[in-house]
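Hi,

Here's the structure I said I'd pass on. Have a look at it first, then read my notes underneath.

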Amino acid sequence: MEFTVIYNDKKINKSSDNENLIIKDVLDEMELSSETIVSKKNGDIVIEESSIEDGDEIQFIQIIYGG
């Protein structure tokens with residue numbers, strides 16, 4: 001399976017033999033916290049338990065905190 005990850009304006013093409021891959025797996029691999037990241041799959045906001053399928057585009061958006 002092949003998919004694209006977008007993070008910090010960089011597109012990364014990834015592949016995996018794991019057919020049960022979920023968003024959280026990719027977050028963990030990239031050492032990103034789901035508490036500070038919004039995940040989008042093919043343009044729609046999704047939860048970290050969402051599955052990834054061949055050809056998907058996954059985008060991670062950093063949440064900015066401030067006061």
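Below is what turned up, starting with the strands and ending at the surface.

Quick ground rules: this is a predicted model, so local features need pLDDT of at least 70 and side-chain atom pairs count only at pLDDT 80 or more, while totals for chains, interfaces and linings use all residues. Residues are numbered from 1 along each chain as its sequence is written, and side-chain values use heavy atoms, leaving out hydrogens and water.

Strands here are DSSP runs of E, at least two residues long, numbered from the N terminus. Two of them pair if DSSP finds at least two bridges between them.

Start with β1 (residues 2-7). Six bridges pair β1 with β2 (residues 10-15), antiparallel, and Phe3 sits opposite Lys14 in β2. The two strands make a hairpin with two residues between them, and Asn8 in that turn has a positive phi of about 55°.

Now β3 (residues 37-41). It runs antiparallel to β4 (residues 44-46), with three bridges joining them; Lys40 has Ile45 as its bridge partner there. This is a hairpin too, with two residues between the strands, and Asn42 in the turn has a positive phi of about 50°. β3 is also joined to β5 (residues 57-62) by five antiparallel bridges, with Ile37 facing Gln62.

Back to β1, where Glu2 lies. Is Glu2 buried or exposed? Glu2 is exposed (over 50% relative accessible area, 1.4 Å probe, protein chains only), at 54%.

Cheers

Notes. Helix = DSSP H or I, 4+ residues; strand = E, 2+ residues; numbered from the N terminus. Buried < 20%, exposed > 50% of the residue type's maximum accessible area, 1.4 Å probe, protein only.
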